[in-house]
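Let's walk through this model together, one question at a time. Have the sequence and the structure open beside you.

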Amino acid sequence: MTAADTRLVHTVGAKAIEWLFAHRDGFRLEPDVDPETGFLERFKPVGELALICKVLFREGVAGSRQADLARRLLDHAWRDVLDGGRMLVRGQRTEPISPIPFETYIPFRELGYDQPELERAIRLNHRVTGCSALEVLPVRRLGLSAFERRFGLVPNLPEDEAFRRTWLAREPEPWTVETRVGYDITHTVFHLTDWGEKPDGLPASVARYLSQWLPVWLDDWLDLERWDLLGELLVVDACLPAPTLDAPSWEGFAAAQQPDGAMPALPTMPEGDPQDVFDVVYHSTLVAAFASVLATSRALGRLTAEAPA
């Protein structure tokens, strides 16, 4: 990846953060909704925002404005959406064995925010059989084990055993990948590498498998214009010990981004009520910021290493 390519990649992330900040009111809860219809589901965008901002601060390649907007986004989410974490406590009381409040809280905690009452509930629930017995997809169980470790708890299921239950651990035939499996692959990599922080968290055979087949999957989803999954696969590439930083994939991804920074999930931007549009594209825009930060960091590291002494 050339210096010009790196600038293009960095610009994708900068524009994505601008859009997310401009539309920060889209990160909202619906506290009066019937719990059976999904009160906790609205925590998901807030937790994802915190995860991506944590990566942005960790990698240290964001510009000053990008970093400032990310911090203001986090403060808004914690103070105005989560009410200083009190809404997470309410969510935990609403569904005591749900992992969603816990998953949402972890990146905030790692960034210096705290909610002692929630922490007490997390430690108590960790001892409840219903939590460890909760039936979830293997990749979700791997994520919960990783979050338990990061919180300081002994995982209910050891991470290596949780990984062995995932699709990616089996290294299946690459042509059997479809959209749902694609997301399972990306999140398995995210959890194994702590969201790109530890590329050596990938087993060597899995890293080789991904290095061989990821270029094919990137080409497929670029051709399909499935921007959300393509963005996640670009993150996976940046998590590899030797990322390709594929220029054609990045050029296509950048071209799909809207002038205001929004990244469509599918070939075209949705239309309609702004809140509904936010709900469709916030994730793909967060993914654009995530992919940009990691790929920029890897590209700058490579350029530095290749520079004449």
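Q: Which residues line the second largest cavity, and which helix gives the most to this lining?
A: This is a predicted model, where local features need pLDDT of at least 70 and side-chain atom pairs count only at pLDDT 80 or more, while totals for chains, interfaces and linings use all residues. Residues are numbered from 1 along each chain as its sequence is written, and side-chain values use heavy atoms, with hydrogens and water left out. His 10, Val 61, Ala 62, Gln 66, Ser 292, Val 293 and Thr 296 line the second largest cavity (on a 1 Å grid over the protein atoms alone, a cavity is a set of points where a 1.4 Å probe fits but cannot get out, and lining residues have an atom within 4 Å of a point). With three residues, the top contributor to this lining is α14.

Q: How do the residues lining the second largest cavity divide into nonpolar, polar and charged?
A: Ala, Val, Leu, Ile, Met, Phe, Trp, Tyr, Cys and Pro count as nonpolar, Asp, Glu, Lys and Arg as charged, and the others, Gly among them, as polar. The space enclosed here is about 30 Å³ (the space filled by probe spheres set on grid points, joined across faces, edges and corners). The lining comes to three nonpolar, four polar and no charged.

Q: Which residues are closest to the centre of the largest cavity?
A: The model has two cavities of 30 Å³ or more, and the largest cavity has a volume of about 190 Å³. Of its 16 lining residues, the closest to the centre are Pro 99, Phe 102, Asn 125, Cys 131 and Glu 148.

Q: What is the make-up of the lining of the largest cavity?
A: Both α6 (116-126) and α8 supply at least two residues of this lining (helices are DSSP runs of H or I, at least four residues, numbered from the N terminus). Sorted by type, the lining holds nine nonpolar, five polar and two charged.

Q: Which residues lie nearest the centre of the largest pocket?
A: A pocket is an open set of points with protein on both sides within 12 Å along at least five of seven lines, and the largest pocket holds about 840 Å³ of space. Helices α2 (43-59), α5 (100-110), α8 (138-151), α10 (179-192) and α14 (274-306) each give at least two residues to its lining, which divides into 15 nonpolar, six polar and eight charged. Among the 29 lining residues, those nearest the centre are Lys 44, Glu 48, Glu 103, Arg 140 and His 187.

Q: Which side chain of opposite charge is nearest to Asp 228?
A: Asp 228 sits in helix α12 (residues 227-239). Asp 228 is buried (under 20% relative accessible area, with a 1.4 Å probe and protein chains only) yet has no salt bridge (a side-chain nitrogen of Lys or Arg within 4 Å of a carboxyl oxygen of Asp or Glu). Lys and Arg count as positive and Asp and Glu as negative, with His and the chain ends not counted. At 7.5 Å away, the nearest side chain of opposite charge is Arg 226.

Q: Is Leu 245 buried or exposed?
A: Leu 245 is found in the loop between α12 and α13 (247-256), and has a positive phi of about 50° although it is not a glycine. Most residues other than glycine have a negative phi. With a relative accessible area of 3%, Leu 245 is buried.

Definitions and conventions
Buried means under 20% relative accessible area, exposed over 50%, partly exposed in between (1.4 Å probe, protein chains only).
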